[in-house]
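Colleague: I would like a close look at one part of this model. Please take the salt bridges, and then show me what surrounds them.

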Amino acid sequence: MSYLEENLRLLGLCRPNLAAQVREAGPLDDSQILETRTGLHTAQLLDPEGKRVLLASRYEPEEEARRLLDRLELGSTSTFIVFGIGMGYHLRELMHRRASETIVVIFEADPRIFYSSLANG
């Protein structure tokens, strides 16, 4: 089972309607997915004004996520509300660093971004 299929299966256990919506939306277009210098992936989207926006570093997305989390104080009972899943690098880093009692709530408005992040294993 692929990383994507396993993620959708797990999502379907607790939120079957959301899993179906994400599966139906499918991924971002191939033209929006870019390979980084480290061989990982990022995505390039256009903001409402037509300006290009990267969802993660074009060079070292995992290092970018580590630097982002280095600036945060992680307590034993922290709660994080994340607006935008991006390509998921910052969330993976957060999940590695968090205490078991930490609550993480993620909001992602675009199911195609969510799908692509889940596929970005």
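Colleague: With which residue does R9 form a salt bridge, and how far apart are the closest N and O atoms?

Modeller: A caution to begin with: this is a predicted model. R9 pairs with E6, and their closest N and O atoms are 2.9 Å apart. Both residues sit in helix α1, 3 residues apart, so about one helical turn separates them. In general, an α-helix has 3.6 residues a turn, so residues three or four places apart point the same way. R9 has 37% relative accessibility, which means that R9 counts as partly exposed. E6 is also partly exposed, because its relative accessibility is 28%.

This pair is part of a longer list. The structure holds 7 salt bridges. Another one joins the side chains of E63 and R67, at 3.9 Å from N to O. These two are 4 residues apart in helix α3, so the separation is again about one helical turn. E63 is partly exposed at 27% relative accessibility. R67 is partly exposed as well, with a relative accessible area of 48%. The pair does not stand alone: E63, R66 and R67 are linked in a network of salt bridges.

Now a bridge between helices. D70 forms a salt bridge with R97, and the closest N and O atoms are 2.9 Å apart. D70 belongs to helix α3 and R97 to helix α4, so this pair ties together parts that are 27 residues apart in sequence. D70 counts as exposed, because its relative accessibility is 53%. R97, at 30%, counts as partly exposed.

Helix α4 also holds E93. This residue counts as buried, because its relative accessibility is 15% and the cut-off for buried is under 20%. Leaving aside neighbours within four places in sequence, E93 is in contact with A65, R66 and L69. R66 is thus a contact of E93 and a member of the network with E63 and R67.

Back to helix α1, and inward. L8 touches A19, V22, R23, Y115 and L118, not counting residues up to four places away in sequence. L8 is also among the residues with the most contacts inside the largest nonpolar core, together with V22, F114 and L118. That core has 22 residues. At least two of its residues come from each of α1, α2, β2, α3, β4, α4 and α5. The helix that gives the most is α5, with 4 residues.

So to α5 itself, residues 111-119. Its buried residues are I113, F114, Y115, S116, S117 and L118. They pack against α1, α2, β1 and β2. At the start of the helix, a side-chain oxygen of D110 comes to within 2.8 Å of the backbone nitrogen of R112.

Last, the surface. I81, F83, I103, V105 and F107 make a nonpolar patch of about 520 Å². Strands β4 and β5 each give two or more residues to this patch. β5 gives the most, with 3 residues. V105 lies in β5. This residue is partly exposed, because its relative accessible area is 32%. Strand β4 therefore appears twice: it supplies at least two residues of the core and two or more of the patch.

Technical notes
Residues numbered from 1 in each chain as written. Predicted model: local features only at pLDDT ≥ 70, side-chain atom pairs only at ≥ 80, totals over all residues. Heavy atoms only, no water. Buried < 20%, exposed > 50% of the residue type's maximum accessible area, 1.4 Å probe, protein only. Contact = heavy atoms within 4.5 Å. Polar contact = N/O pair within 3.5 Å; in protein donor to acceptor, adjacent residues only side chain to side chain. Core = buried A, V, L, I, M, F, W, Y, C linked by side-chain atoms within 4.5 Å. Patch = residues over 30% accessible without salt bridge, like charges linked within 9 Å, V, L, I, M, F, W, Y side chains within 5 Å. Areas by Shrake-Rupley, 256 points an atom, 1.4 Å probe, with all protein chains shown as cover. Salt bridge = Lys/Arg side-chain N within 4 Å of Asp/Glu carboxyl O.
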